[in-house]
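Reader: I have a chain open in the viewer and would like to go through it with you. Short answers are fine.

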Amino acid sequence: MREMTAIAQKVTGPSLARQAADRAARQEERVAWQLAAPAIFLIVTLVLLPTLAVVVFSMTNYELGYDDFQFVGFDNYAELLGDRTFLISLKNTAVYTAIVTPFSVLLGLGVALLIEGETRGRAFFRTVYFLPVASLLVAMATVFQYLLHPTIGPVNAILSAVGISGPNWLGSSHTALISLAIIGIWQSVGFNMVLFLAGLTAIPRELYAAAEVDGARSSWERFRLVTWPMLGPTTLFVTTISVINAVKVFETVKTLTEGGPNKSSEVLLWTIYQEGFVYLRVGYASAMTVIFLAVLIVLMILQYRVLDRRVHYT
């Protein structure tokens, strides 16, 4: 009898423990879904549903203020392929991104390295370089409009003092986009600096001591062998954020150039704004927005495919 009881306990013991573990796991899963429900609701309501609405509108000829509209399929996308303004804005956005992203990343890294190596006044310089991020860009655009003014601006005054005739920075089709890119770099450096500073403080100091023991005496060798590899994840994140912010440029274009002169500073978001809120062609503007989102997704995939392989995670 005792043997049968022992056998029964051996059989039922693990089964009861397994059932209790399953109940605990299900309860934990329910709690996790309850905690995540508000975030999921907000993502669906504020991100997924509006995106789906844009995709649906992009296949219609809907115009703001008119009740009647028809589904036109991919006609809006076919029209985009022959739209000279859209193609120019796509090219200008690509050029702007190609200028702003590398310079803002490199300058942000350089400023972060200088501040990290400075023992005194570190908080002061952090604040100074971060001010462009905290400032209202529309208000600062007025300052840049004065700085880059062709006749009374300080920039051209300095150039004329050294014998150089300064251009009409915002009024010439040759320099308008470059001027906007300079403002974009000025705005992005402080934010990238903060991210790089966070990455630099996370690098163990013992690695530099070990590198010095192994023969890395100069600052360049320590940067090449320790700092740069350890900043891999931070650099990937900073580059991704910089590309997204550069592609989304709008405020400076709206405030300073409005796409001119001769569409030389026409960028993608400005063209979408014009089509949707000036010409009221919501369906056509939605098709541009879908292309804009597709460009962002492709850029992110390419970045992670290319850069993620070079990143050393710890």
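Reader: Which residues form one aromatic cluster with Phe-57?
Author: Phe-57 shares one aromatic cluster with Tyr-62, Phe-69 and Phe-71. Rings of Phe, Tyr and Trp (its six-membered ring) pair if their centres lie within 6.5 Å; planes under 30 degrees apart count as stacked, over 60 as edge-to-face and the rest as tilted.

Reader: Before going on, what kind of model is this, and what are the ground rules?
Author: This is a predicted model, where local features need pLDDT of at least 70 and side-chain atom pairs count only at pLDDT 80 or more, while totals for chains, interfaces and linings use all residues. Residues are numbered from 1 along each chain as its sequence is written, and side-chain values use heavy atoms, with hydrogens and water left out.

Reader: Back to the rings. How many aromatic pairs by this rule?
Author: The count comes to eleven aromatic pairs. One of them joins Phe-223 and Trp-228, which are tilted, with 6.1 Å centre to centre and 40° between the planes.

Reader: Are Phe-223 and Trp-228 buried or exposed?
Author: Phe-223 is buried, at 18% relative accessible area. Trp-228 is partly exposed, at 42%. The cut-offs are under 20% relative accessible area for buried, over 50% for exposed, and partly exposed in between (1.4 Å probe, protein chains only).

Reader: And the fold, how many helices and strands?
Author: The protein chain has 13 helices and zero strands. Helices (H or I, at least four residues) and strands (E, at least two) are DSSP runs, numbered from the N terminus.

Reader: Why is the chain called more spread out than a compact globule?
Author: Because its radius of gyration is 28 Å, well over the 20 Å that the globule rule gives for 314 residues. The radius is taken over C-alpha atoms, and the rule is 2.2 Å times the number of residues to the power 0.38. Along its principal axes, the C-alpha trace spans about 110 × 70 × 30 Å.

Reader: What share of the residues is buried?
Author: Of the 314 residues, 33% count as buried. The accessible surface of the chain is about 19400 Å², and 66% of that belongs to carbon and sulfur atoms. Those areas come from the Shrake-Rupley method with a 1.4 Å probe; for residues, only the protein chains shown count as cover.

Reader: What about contacts between residues at least 6 apart in sequence?
Author: Among those, 68% join residues at least 24 apart. Contact means heavy atoms within 4.5 Å.

Reader: Where does Phe-57 sit, and what does Phe-57 touch?
Author: Phe-57 belongs to helix α1, residues 2-57, and is partly exposed at 29% relative accessible area. Not counting residues up to four places away in sequence, Phe-57 touches Tyr-62, Asn-76, Gly-283 and Ser-286. Between Phe-57 and Ala-285 the C-alpha to C-alpha distance is 8.9 Å, with their positions 228 residues apart in sequence.

Reader: Which residues is Gly-276 in contact with?
Author: Ala-285 turns up again there, along with Arg-281 and Val-282, leaving aside neighbours within four places in sequence. Gly-276 lies in helix α12, residues 268-278, and is buried with a relative accessible area of 6%.

Reader: Then Ser-242, buried or exposed?
Author: Ser-242 counts as buried, at 5% relative accessibility. This serine is in helix α10, residues 232-247. Beyond residues up to four places away in sequence, Ser-242 touches Thr-101, Ser-104, Val-105 and Asn-192.

Reader: Different topic, backbone geometry. Which peptide bond is cis?
Author: The bond from Gly-260 to Pro-261 is cis, with omega near -10°. Pro-261 is in the loop between α11 (251-257) and α12.

Reader: What about phi at Glu-258 and Lys-263?
Author: Glu-258 has a positive phi of about 50° although it is not a glycine. Lys-263 has a positive phi of about 65°, and is not a glycine either. Glu-258 is found in the loop between α11 and α12, and so is Lys-263. Glu-258 is partly exposed at 49% relative accessibility, and Lys-263 is partly exposed with a relative accessible area of 30%.

Reader: Last one. How far apart are the mean positions of the positive and negative charges?
Author: They are 10 Å apart, for 22 positive and 21 negative charges. Lys and Arg count as positive and Asp and Glu as negative; His and the chain ends are not counted. Each charge is placed at NZ of Lys, CZ of Arg, CG of Asp or CD of Glu.
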